[in-house]
Amino acid sequence: MNQFKYESLVFFTGSSLSSKVLQVPSALLESPNVTVIIKCSHAISSYNTILWYQQSIADTNLKLIGFVFYKNPTIEDQFKQHFEIRGDGEIEASLQLLSDPENSAVYYCAASTTQ
C-alpha cells in the first residue's frame, strides 16, 4: 500500500483581467495544516460584493466557495468546514483555509454589484 507524505502544498490564485481587482498573494507554498489567507480588494466604487471560487485539479469547473455582500459573508454548505470568509464587499475580503491536500487548488476572487 502506497502512502503519500505531503511535505508542502502549493496554492495558486487566479490573475485578474482588471487592474481594479487585486488578489494576493499570487502563489503560496505551505506545509500541511497551516492556515492560509488569500486577500482580494477592488477599487470599483459601485461594487458591494466579493466572491470566491475554487478550481481543483480533479474538477476544472469553477465552484463558488462563497461571497461577502457588504459585511455579510455567506459560505456554500459544502465548503463551510474548510473555509472562512471575512471582510467588506465594498473594499476588501479574505479567504482563510487550512493547508490540506483536499484544498490544493487555484482560487479566484471576483468583484460585483448586487442589488
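In this predicted model, the side chain of His 42 comes to 3.2 Å from the backbone nitrogen of Ile 44. His 42 itself sits in strand β4, a strand that spans residues 35-42. Is this histidine buried or exposed? With a relative accessible area of just 9%, His 42 falls under the 20% cut-off and so counts as buried. Leaving aside residues up to four places away in sequence, the neighbours that His 42 touches come from several parts of the chain numbering: Lys 20 and Val 21 on one hand, Tyr 47 and Ile 50 on another, then Gly 89, Glu 90 and Ile 91, and finally Ala 111.

The strand that carries His 42 also belongs to an open sheet, built from 4 strands in the order β2-β4-β9-β8 with antiparallel pairing. The edges of this sheet are taken by β2 (21-24) and β8 (83-88); each has a single partner strand, so one side of each goes without a neighbour in the sheet. As for how the strands lie against one another, neighbouring ones are turned by 15 degrees on average, direction ignored. Zooming in on one edge, β2 and β4 run antiparallel to each other and are joined over 4 bridges. Within that pairing, Val 24 stands opposite Lys 39 of β4.

Stepping back to the whole chain, what does the secondary structure consist of? There are 10 strands and 0 helices, and reading along the sequence simply gives β-β-β-β-β-β-β-β-β-β. Of the contacts with a separation of 6 or more, 50% link residues 24 or more positions apart. Buried residues, His 42 being one of them, make up 33% of the 115 residues. The accessible surface adds up to about 7300 Å², and carbon and sulfur atoms account for 51% of that.

How far can the model be trusted along its length? The pLDDT averages 83 over the protein chain, and 83% of the residues score at least 70. Residues 1-10 are another matter, with a pLDDT below 50, although this stretch still has 19 contacts in the model beyond near neighbours in sequence. Where pLDDT is low, the predicted coordinates should not be read in detail.

Terms used:
Residues numbered from 1 in each chain as written. Predicted model: local features only at pLDDT ≥ 70, side-chain atom pairs only at ≥ 80, totals over all residues. Heavy atoms only, no water. Pairing = 2+ DSSP bridges. Helix = DSSP H or I, 4+ residues; strand = E, 2+ residues; numbered from the N terminus. Axes fitted to C-alpha atoms, helices over the stretch in contact; angles between N-to-C directions. pLDDT = per-residue confidence, 0-100. Contact = heavy atoms within 4.5 Å. Buried < 20%, exposed > 50% of the residue type's maximum accessible area, 1.4 Å probe, protein only. Polar contact = N/O pair within 3.5 Å; in protein donor to acceptor, adjacent residues only side chain to side chain. Areas by Shrake-Rupley, 256 points an atom, 1.4 Å probe, with all protein chains shown as cover.
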